[in-house]
Amino acid sequence: PEGDGQNLVTEDVTVVEGDVATISCRVKNSDDSVIQLLNPNRQTIYFRDFRPLKDSRFQLVNFSNSELRVSLTNVSISDEGRYFCQLYTDPPQEIYTTITVLVPPRNLVIDIQKETAVEGEEIELNCTAMASRPATTIRWFKGNKELTGSRVLSVAGFVRRAAVIYVTVGREDDGVPVICLVDHPAVKDLQTQRYLEVMYKPQVRVSQNYPLQGLTREGEPLELTCTAFGKPQPTDMRWLRVDDEMPQHVVVSGSNLLISNLNKTDNGTYRCEASNAVGKSHADYMLFVYDPPTTIPPPTTTTTTTTTIPTTITGT
């Protein structure tokens, strides 16, 4: 505001659209001069406590020799501009206050180019906010990690603002929220989120159920289990022997592979394959059959325990 050496004081006003703006014209050293308030078109809103302007949104809050305070309800963008405080002295004094109207962004919407993505695919995310002043800053997060590199588009000037970002998704992103958050002086914590749905090929694991610990020895049984999960859940799972026929005596039941009597000819790599709509994966188990335990009994280790018995000698 102009005129620091003057007798008149006022402050700029920033207000959210639809709220109330309060303009205060104050006199430091009152000499009973008339205070008046004018609008940006230099029409008188208040002259002392009288309102010549036929706009009932302006109401008197306080009037005295030293202050004229006026409220303006339901502020709209058209109310923006400079309002003038005048003091009828000789010569007249004048300073201005500026009303700035903020418009909060609304209707935050995320659009995902594909409802369901496949791992490794790059998808386009769009976040759109309705009209706002000043322009909205749109930020993207995946889970709690901020994403950078979004392009901001102003659609039809003031009407919409959109931020586009491209994200390459992996299986770890399935079920993770993508958040579009708005930074704006008129709103606190305005955000919206969508959950990613990512399809991925099976993850396959082979575990040895028996023998649980220890060596796979000749003459003993072996039991393997294959587990596979993916999205969609794998429906097709099969066992095969890499570079060789499956031995006749191997029993495959569902995800289990059983050899009841191991033989050195069973040596080799056994593969469990699982597939779903996205693709096929496998896990390998390398079988090496060791010699059976020797029939000679192992040497017996003798442990000699010496126990000392305390002897009490009774003196005579």
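## Disulfides and salt bridges in an all-strand chain

Asp 183 and Arg 139 form a salt bridge, with 3.3 Å between their closest N and O atoms. This pairing links distant parts of the chain, since Asp 183 sits in strand β17 and Arg 139 in strand β13 (residues 137–142), 44 residues apart. Both ends have some access to the surface: Asp 183 is partly exposed, at a relative accessible area of 34%, and Arg 139 is partly exposed too, at 28%. Please keep in mind while reading that the model is predicted.

### The chain as a whole

Let us step back for a moment. The protein chain has 25 strands and zero helices. Of its 316 residues, 36% count as buried. The accessible surface of the chain comes to about 18500 Å², and carbon and sulfur atoms account for 50% of that area. Contacts across the sequence are worth a look as well: among those between residues at least 6 apart, 61% join residues at least 24 apart.

### Three disulfides

How many disulfides does a search of the whole structure find? The search finds three. If the bonded cysteines are numbered in sequence order, the pairing reads 1-2, 3-4, 5-6. The table sets out the sulfur distances.

| Disulfide | S to S distance |
|---|---|
| Cys 25 and Cys 85 | 2.0 Å |
| Cys 127 and Cys 180 | 1.9 Å |
| Cys 226 and Cys 272 | 2.0 Å |

We can take them in the order of the table. The link of Cys 25 and Cys 85 is left-handed, with -75 degrees about the S-S bond. This pair links distant parts of the chain: Cys 25 belongs to strand β3 (residues 21–27) and Cys 85 to strand β8 (residues 81–87), 60 residues apart. Are these two cysteines buried or exposed? Cys 25 has a relative accessibility of 0%, so it counts as buried. Cys 85 is likewise buried, because its relative accessible area is 0%.

Next comes the disulfide of Cys 127 and Cys 180, which is left-handed with -80 degrees about the S-S bond. Here, too, distant parts of the chain are linked, with Cys 127 in strand β12 (residues 122–130) and Cys 180 in strand β17 (residues 177–184), 53 residues apart. Cys 127 counts as buried because its relative accessibility is 0%, and Cys 180 is buried with a relative accessible area of 0%. Strand β17 has already appeared in this report, as the strand that holds Asp 183 of the opening salt bridge.

That leaves Cys 226 and Cys 272. Why is their disulfide called left-handed? The torsion about the S-S bond is about -80 degrees, so the link is left-handed. The pair links distant parts of the chain, running from Cys 226 in strand β20 (residues 222–231) to Cys 272 in strand β24 (residues 268–275), 46 residues apart. Cys 226 is buried, as is Cys 272.

### More of the salt bridges

The bridge of Asp 183 and Arg 139 has company, as a search of the whole structure finds 19 salt bridges. One of them forms between Asp 244 and Arg 241, whose closest N and O atoms are 3.8 Å apart. The two partners fall into separate burial classes: Asp 244 counts as partly exposed at 46% relative accessibility, whereas Arg 241 is buried, with a relative accessible area of 10%.

In another, the side chains of Lys 280 and Glu 273 meet at 3.8 Å, N to O. Which burial class does each partner fall into? Lys 280 is exposed because its relative accessible area is 51%, with the cut-off for exposed being over 50%. Glu 273 is buried, with a relative accessible area of 12%. Elsewhere, Asp 55, Arg 57 and Asp 79 are joined into one network by salt bridges that share partners.

### Pulling it together

For a tour of the model, the three disulfides are a friendly place to start. Cys 25 and Cys 85 tie strand β3 to strand β8, Cys 127 and Cys 180 tie strand β12 to strand β17, and Cys 226 and Cys 272 tie strand β20 to strand β24. From strand β17, the salt bridge of Asp 183 leads on to Arg 139 in strand β13.

Note on methods
Residues numbered from 1 in each chain as written. Predicted model: local features only at pLDDT ≥ 70, side-chain atom pairs only at ≥ 80, totals over all residues. Heavy atoms only, no water. Disulfide = S-S within 2.5 Å. Helix = DSSP H or I, 4+ residues; strand = E, 2+ residues; numbered from the N terminus. Buried < 20%, exposed > 50% of the residue type's maximum accessible area, 1.4 Å probe, protein only. Contact = heavy atoms within 4.5 Å. Areas by Shrake-Rupley, 256 points an atom, 1.4 Å probe, with all protein chains shown as cover. Salt bridge = Lys/Arg side-chain N within 4 Å of Asp/Glu carboxyl O.
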